[in-house]
Each structure stands twice: as C-alpha cells, then as structure tokens.
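Student: I should like to work through a structure with you, with attention to charged pairs, nonpolar cores and the surface. May we look at it together?

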Amino acid sequence: KNVDLDPTGGKMITAPAGRGLSKTARYQVVQEKAKKRAKNVILFIGDGMSMQAKELGRILSKGLSDGKFNDLLAMEKMPNMALVTTSGYDSIVTDSANSMSAYMTGNKSVVNAMGVYENKTKDPLDDPKVETVAEILSRSKNMSYGMVSTASVTDATPAAVTAHTRRRAEQKYVAADFVNRNNPPSVVMGGGAQFFLPLATPGSKRKDNRNLIQEFENKGYAFAGTKAELNSLGSDKPILGLFTMNHMNVYMDRELLPKNSKVLKGFTDQLGLLDMTKKAVSVLEKNPNGFFLMSEGGSIDKQLHTMDWQRSTYDTIEFDKTIEWA
C-alpha cells in the first residue's frame, strides 16, 4: 500500500512476507509522449475473442471460396496489429476481470480480481487499489468516460473500468459504486438490472432495498429500459440504460425469435452494441476535454462457454464408454 513509482526509470520493490521470506518485483516506469495526442479514446473489447473466434467471425461474415477467405475483417485491415498475453500473476489461464484490469491499469492481478493487488484478508474489498485509465483521465483531465456492453454492466469487463475488488462476483457493490464515486461514468449501458433494483422487486439480486436506478435519476441521469426509450432520449444528460435483468440476448434471439419467446423473458425491445455505442458517443462527445469509452461485445465469451460445457460433457461420456468397454 501507498507505493509511489514516480519519477520515471527502473524501480525495484521488495515486500517482506515473514519468516525471512520476501518477494521482489521490478518495474520500468515510463512517460511516453505520443507524436499526435488523441482527444477521445474508444476501447473495443471482444470478450473471449481468441484467434480461433476471430477466424470464425471472418469465415461467417466474409465467406470462403476455393479454400480461401474472401476478405479480411475490418480489425485486420488496421495499420497495426499485435498479440498480447493476458495471464495473471497467479494463473496462466486468466478470466475477464483480471485481463480487463490489466488493460485498464497496466498491472497484472489475479483471477477474479480487478483494480487491486490481491491480499489474503477475508474482505474482498480491502485489497490495495490501483487507479484505472478512466479514473486517471476523469480525475486529472476532467474527461468523461463510460461503458457499454452486451453483458451485464456489472460483469467483469465493464466493471473493471472503475471497480476495485478481489472478487468479481461482488456485483451489488459494483452497481452501487458506479453512482457513489466522485467521478461517476457519464454512460452505463447494457444488461444487469437485477443488481440495480431493490430487493422487493421480483428478480432483484440485491440484499437491500436501495433503488439504484432512482439514485442515478436523482443525480441527473436519464434512464432507458428499452430500445425505444433510449432512442427517445437526447444527448444532453448522462444515461443509464439497462435492457435485461442479466446479460442481453444475442442477435439471433432478439431479432429472429418471436417476441413472446420464453428466451427473451419479456425483454422484447433490446438493442445491439452498435446502437448503444453510437448513443454513448453522442453523450460523451459533449465534453470539450474529451472522453474514454469502453465498448464490449460480451456475447462471444458467453456463447463459447456453452461449447466448453458441451465439450467437457462429450469427453466425459467417451471416457465412461472406455471404462465400459474395458
């Protein structure tokens, strides 16, 4: 706690762990200056988008002819591309909270954690915190920031834009933290109404009767619960948009299924990431100091997790057959 890595240059920090044990970490603190400064930044995240998922996207959207793909994805035509590893300091295989936290802070953490250096206390909210890009920009430059996602807005990726907790499941805390902080986000859009509604409301996952939607409105936010409601809003107020109780439905479900489908669970007027992002930009660009926006396609990850389960079930069945045959 209370570690200061200023000014620039090589740094070495040693932390005692008792019984004569210690751990040393080395940092290279830099202060690079871009040749041309950007006023606004939009970070697009394809959650769980591996190289294989990108390949699938290219095949589906561009097609194949004679064994060759017909065109590249827009992201593959950008001037620069790079690969980064997202392992945490406790596990080779990371999760969305830890990897998004690395993007937002420049520091690795542990699985399930965001915006913190893990400690061993029981309280998942008391770990040493590290400031995120959104917090730095809003605090030091008075820039606006926001997050939009097809997942719940309190889920790992959007939450890690500002949250500080060792346990990503603390979504009730994340929802309240959005509105309680000194520099709250100007735009929050996606799913996850269950963590904003008071306990007395059917479907709520809160443990208290705080109505966070009302608290947002009391602070001057406009609220939208459907695509029509969002389209009717102007761009002169900050916006809270919650379009499902948990994660939003994928395109095929919300656009092609009958509106009375049980899959939609009554949320028949959802919108896509493109429309949410456009609306978010229209609000954020009102700030003359610039803005930071995180826009997440969260359904890639959710759909691939379904395949994880199917594969593990298949492997188990095959294993049982092997024992049977033996």
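Tutor: Let us begin with one pair: Glu 76 forms a salt bridge with Arg 58, a salt bridge being a side-chain nitrogen of Lys or Arg within 4 Å of a carboxyl oxygen of Asp or Glu. This is a predicted model, in which local features need pLDDT of at least 70 and side-chain atom pairs count only at pLDDT 80 or more, while totals for chains, interfaces and linings use all residues. Residues are numbered from 1 along each chain as its sequence is written, and side-chain values use heavy atoms, with hydrogens and water left out.

Student: How far apart are the closest N and O atoms of Glu 76 and Arg 58, and which parts of the chain does the pair link?

Tutor: The closest N and O atoms are 2.6 Å apart. Helices (H or I, at least four residues) and strands (E, at least two) are DSSP runs, numbered from the N terminus. The two residues are 18 residues apart and link distant parts of the chain: Arg 58 in helix 1 (residues 51-62), and Glu 76 in the loop between strand 5 (68-69) and helix 2 (96-105).

Student: Is Glu 76 buried or exposed, and is Arg 58 buried or exposed?

Tutor: Buried means under 20% relative accessible area, exposed over 50%, and partly exposed in between (1.4 Å probe, protein chains only). Glu 76 has a relative accessible area of 13%, and Arg 58 has 6%. Glu 76 is therefore buried, and Arg 58 is likewise buried.

Student: Which residues are linked with Glu 76 in a network of salt bridges?

Tutor: A polar contact is a pair of N or O atoms within 3.5 Å; within protein, one must be able to donate a hydrogen and the other to accept it, and residues adjacent in sequence count only if both atoms are side-chain atoms. Such a contact, of 2.8 Å, joins the side chains of Glu 76 and Lys 54, and another, of 2.6 Å, joins those of Glu 76 and Arg 58. The residues linked with Glu 76 in the network are Lys 54, Glu 55 and Arg 58.

Student: In the salt bridge of Glu 118 and Lys 120, what is the relative accessibility of Lys 120?

Tutor: The side chains of this pair meet at 3.6 Å, N to O. Glu 118 counts as partly exposed, at 31% relative accessibility. Lys 120 counts as exposed because its relative accessibility is 73%.

Student: How many salt bridges does the structure hold?

Tutor: One further example is Arg 254 with Glu 255, at 3.8 Å between the closest N and O atoms. Arg 254 is buried at 12%, whereas Glu 255 is partly exposed at 40%. The number of salt bridges in the structure is 16.

Student: Which helix supplies the largest share of the largest nonpolar core?

Tutor: A nonpolar core is a set of buried Ala, Val, Leu, Ile, Met, Phe, Trp, Tyr and Cys residues joined through side-chain atoms within 4.5 Å. Of the 34 residues in the largest one, Val 161, Phe 178, Phe 196 and Phe 292 touch the most other members. Elements that each supply at least two residues include helix 3 (133-140), strand 6 (144-152) and helix 5 (171-180). The largest share, 5 residues, comes from helix 5.

Student: How many residues are in the other core, which lies apart from it?

Tutor: Among the members of this other core are Val 148, Met 189, Val 283 and Leu 293. Its number of residues is 18.
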